[in-house]
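Ready for a few warm-up exercises? Take a look at the structure below, then try each task before reading its solution.

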Amino acid sequence: MEFLTKILRSQLSLVNKLSDSCCIKNSRAVQDKLGSIMAHEYLTDVTYHAIDSAEFQGEYIIPNNRENDGVILYLHGGGYCSGDMQYAKGFGTILAAQEHIDVCCTAYRLAPENPFPAALEDAAAAYRRLLKDGYSHEKIILCGESAGGGLVFCLALKIKEENLPMPCGIIAVSPWSDLTMSGISYEENRENDPSMTLKRLRFYAEQYTDNTAHPLVSPLFGDLESLPPSLIFVGGDEIMLSDSVELHKKLVDSGCVSDLRIAPDMWHIYLLYGIKEAKEDRKLITKFLGEVLHGGA
């Protein structure tokens, strides 16, 4: 592990110990600031356009040097309880600038003020808007991290339920796909993940819904047949490792194409931190986009 990565891991561990006692208001403020930090390096490489909609809050991020003719619908993480447009635009900006593709960010309604199914309804509205704005379903990729990573699979199930045309691919970073938290990693990695705790996840789940086993809450329990190709990233030290492992297994067992990348010694949503250890993973995203958008070209 790189020296700077070790320092970052240590800092995350210190913050993690304080986060369980942090109120939602303060958690939201911290997370939103992270979005500004992530986007800062690429602000001159993209332009932002607010989406005029009464159904959801969204923005298009357009790269100055667009090379891909598709669009990524990006859904942020935050346990369904935090993350505004500023946070969503953080990784959304990185995706647009690095992958030279349009990105649609959605700041879905948050719990506990707006519990399930509000986030899913907003995500579905954003997907329908992309179709209305002229993007072919064959050029739409769903992407999300943490709660947003689970939400993109919930959205895919909702799309199938509504008989809408399926997107061409799904990218999930540390997806929270089992809000019942039944996987073995919730115990085995309880002390290993420097950035997430079981206590905090239980709190988030309680704020979001009283039916954590619902397939549109925990897509691990849904009918995954006919979902598009998926690329899943997860850290080997994550408390939520099982969510990705079991989701990948079920996707494959359901006849879907799925690629799972487990990064040794890495933590929850490690891919968003710009560390050197994630360099090859970022290349995998580029490769995946080429495959689903252009048949590998």
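**Exercise 1.** Is Lys-249 buried, partly exposed or exposed? Then do the same for the residue it pairs with in a salt bridge.

*Solution.* Keep in mind that this is a predicted model.
- Step 1: Start with the number for Lys-249, a relative accessible area of 46%.
- Step 2: Exposed calls for over 50% and buried for under 20%, so Lys-249 comes out as partly exposed.
- Step 3: Its salt-bridge partner is Asp-253, with the closest N and O atoms 3.1 Å apart.
- Step 4: Asp-253 has a relative accessible area of 57%, so this one is exposed.
- Step 5: Now place the pair: both residues sit in helix α8 (residues 241-253), four residues apart, which is about one turn of the helix.

**Exercise 2.** Which parts of the chain does the salt bridge between Arg-109 and Glu-121 tie together?

*Solution.*
- Step 1: Check the distance, which is 3.1 Å from N to O between the two side chains.
- Step 2: Find each residue. Arg-109 is in the loop between β4 (102-106) and α4 (118-132), while Glu-121 is in helix α4, so the bridge joins parts twelve residues apart in sequence.
- Step 3: Look at the surroundings. Arg-109 is partly exposed at 33% relative accessible area, and Glu-121 is partly exposed too, at 42%.

**Exercise 3.** Which residues are linked with Lys-158 in a network of salt bridges?

*Solution.*
- Step 1: Begin with one pair: Lys-158 bridges to Glu-161, the closest N and O atoms being 3.3 Å apart.
- Step 2: Both lie in helix α5 (residues 147-161), three residues apart.
- Step 3: Widen the view, and the network links Lys-158 and Glu-161 with Glu-55, Arg-128 and Glu-162.
- Step 4: For the big picture, a search of the whole structure turns up 18 salt bridges.

**Exercise 4.** Which residues touch the most other members of the largest nonpolar core, and which element supplies its largest share?

*Solution.*
- Step 1: The core has 57 residues, and the ones touching the most other members are Leu-155 and Trp-176.
- Step 2: Several elements each supply at least two of its residues, including β2 (58-63), β3 (71-75), α4 and α8.
- Step 3: The largest share, nine residues, comes from α5.
- Step 4: Apart from this core lies another one of 41 residues, with Leu-8, Leu-12, Ile-269 and Ile-285 among them.
- Step 5: Back to Trp-176: leaving aside neighbours within four places in sequence, its contacts include Gly-79, Tyr-80, Met-181, Leu-201 and Asp-243.

Notes:
Residues are numbered from 1 along each chain as its sequence is written. This is a predicted model: local features need pLDDT of at least 70, side-chain atom pairs count only at pLDDT 80 or more; totals for chains, interfaces and linings use all residues. Side-chain values use heavy atoms; hydrogens and water are left out. A salt bridge is a side-chain nitrogen of Lys or Arg within 4 Å of a carboxyl oxygen of Asp or Glu. Buried means under 20% relative accessible area, exposed over 50%, partly exposed in between (1.4 Å probe, protein chains only). A nonpolar core is a set of buried Ala, Val, Leu, Ile, Met, Phe, Trp, Tyr and Cys residues joined through side-chain atoms within 4.5 Å. Contact means heavy atoms within 4.5 Å.
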